[in-house]
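Trainee: I should like to go through this structure with you, one question at a time. May we begin with strand pairing and then turn to cores and empty space?

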Amino acid sequence: MYEKPKILPEGDKAVLVEFGNEISEECNDKVMALYGFLKEKNIKGIISLVPTYRSLLIKYEPLTIPYKEITSKIENMLSSIDKSSYKNAKVIEIPVVYGDEFGPDLEFVASYNKLTPEEVIEIHTKPLYRIYMLGFTMGFAYLGGMSEKIATPRLERPREKIPAGSVGIADKQTGIYPIESPGGWRLIGQTPVKIYDPKNERPILLEAGNYLKFVRIAKEEFYKIREEVNNGKFNVKTYDYAN
């Protein structure tokens with residue numbers, strides 16, 4: 001992590017604040033502290049904030065807030081905040097049914113790592129996964145915290161169609177496909193929860209800086225929850241993150 005964050009121009013309507021060249025919770029804590037602080041201040045002229053693993057992209061309207069003014073404000077904020085400034089992290093529980101038609105690669109992941117399918121599920125559901133950033137497709141969360149005990153290479157030939165809600169593993173990462181799309185991750189399960197739903201007032205369920213917990217469910221519960229989701233009667237369980 002850099003001793004002092006770098007403030008870099010990104011064209012004439014954006015500024016990038018870079019905290020380091022590593023992927024770590026410590027670095028991302030700094031990103032989320034500034035992100036939370038700027039959201040709270042609601043500075044006129046700032047259009048949007050895009051947090052990533054190690055930086056924060058700040059898009060702004062230069063006719064409302066010139067470059068020198070926005071960089072000056074950022075420098076002042078950086079000198080007065082630390083990671084404790086961001087205290088609103090939540091844990092979102094995502095129900096998942098593992099194996100069979102929902103996770104056709106579970107057996108391979110187990111075999112590759114010399115584990116049983118039950119051990120893979122136990123390892124996968126144990127951590128709280130940090131949501132570092134969103135990208136790739138609408139609502140796709142880049143998660144940190146997966147055990148290397150279940151790390152598995154991607155498919156040599158990606159599938160042309162993966163169902164929305166599929167939970168996969170690719171190398172040392174795990175994630176959820178928010179929409180139906182092609183993909184090369186090893187599929188181990190599926191959630192009935194809609195990670196991305198354009199019909200909702202808040203279409204993207206997950207948010208950078210929060211944490212995700214996978215919770216194992218039975219096949220019968222999967223169909224029950226899916227019906228509740230489709231009828232607008234299911235509420236995802238969330239609670240405050242306790243560090």
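Trainee: Which residue in β13 stands opposite Val-91?

Mentor: The model is a predicted one. Strand β5 is joined to strand β13, residues 211–216, by 6 bridges, and the two run parallel. Within β13, the residue opposite Val-91 is Tyr-211.

Trainee: Which residue of β14 does Lys-90 stand opposite?

Mentor: Strand β14 covers residues 238–240 and is joined to β5 by 3 bridges. These two strands run antiparallel. The residue of β14 opposite Lys-90 is Asp-240.

Trainee: What is the bridge partner of Val-97 in β12?

Mentor: Strand β12 spans residues 186–190, and 2 bridges join β5 to it. The pair runs antiparallel. In β12, Val-97 has as its bridge partner Gln-190.

Trainee: How many of the residues of β5 are buried?

Mentor: Burial is taken here as under 20% relative accessible area. By that criterion β5, which has 9 residues, is mostly covered. The number of its residues that are buried is 8.

Trainee: Which element gives the most residues to the largest nonpolar core?

Mentor: That core has 27 residues, and Ile-94, Leu-206, Leu-212 and Phe-214 touch the most other members. Several elements each supply at least two of its residues, including α3 (106–112), α4 (117–125), β6 (129–134) and β13. The greatest contribution, 4 residues, is that of β5.

Trainee: Which residues does Leu-206 touch, not counting those up to four places away in sequence?

Mentor: Leu-206 is among the core residues that touch the most other members. In general, nonpolar side chains in soluble globular proteins tend to be buried together. With residues up to four places away left out, Leu-206 touches Ile-92, Ile-131, Leu-134, Ala-141, Ile-195 and Leu-212.

Trainee: Which elements give two or more residues to the lining of the largest pocket?

Mentor: The largest pocket has a volume of about 460 Å³. Its lining consists of 20 residues, and those nearest the centre are Lys-194, Asn-200, Leu-205, Phe-234 and Val-236. The elements giving two or more residues to this lining are β5 (90–98) and α5 (219–230).

Trainee: How do the residues of the lining of the largest pocket divide into nonpolar, polar and charged?

Mentor: The division is made over the 20 residues that line the pocket. Lys, for instance, counts as charged and Leu as nonpolar. The result is 8 nonpolar, 6 polar and 6 charged.

Trainee: Which helix gives the largest share of the lining of the largest cavity?

Mentor: The structure holds 1 cavity of 30 Å³ or more, and about 30 Å³ of space lies in the largest cavity. Its lining includes Leu-38, Ile-58, Ile-70, Lys-73 and Met-77. By class, the lining has 8 nonpolar, no polar and 1 charged residues. The largest share, 4 residues, comes from residues 67–78, that is, helix α2.

Trainee: Why does Tyr-112 count as partly exposed?

Mentor: Tyr-112 is found in helix α3. Leaving aside neighbours within four places in sequence, it is in contact with Ala-151, Thr-152 and Pro-153. The partly exposed class lies between 20% and 50% relative accessible area. Tyr-112 belongs to that class because its relative accessibility is 45%.

Trainee: What distance separates the C-alpha atoms of Tyr-112 and Glu-148?

Mentor: Along the chain, Tyr-112 and Glu-148 are 36 residues apart. In space, their C-alpha atoms are separated by 12 Å.

Notes: Residues numbered from 1 in each chain as written. Predicted model: local features only at pLDDT ≥ 70, side-chain atom pairs only at ≥ 80, totals over all residues. Heavy atoms only, no water. 1 Å grid on protein atoms, 1.4 Å probe; cavity = no way out; pocket = protein on both sides within 12 Å on 5 of 7 lines; lining within 4 Å. Points joined across faces, edges and corners; volume = space filled by probe spheres on them. Buried < 20%, exposed > 50% of the residue type's maximum accessible area, 1.4 Å probe, protein only. Pairing = 2+ DSSP bridges. Core = buried A, V, L, I, M, F, W, Y, C linked by side-chain atoms within 4.5 Å. Contact = heavy atoms within 4.5 Å.
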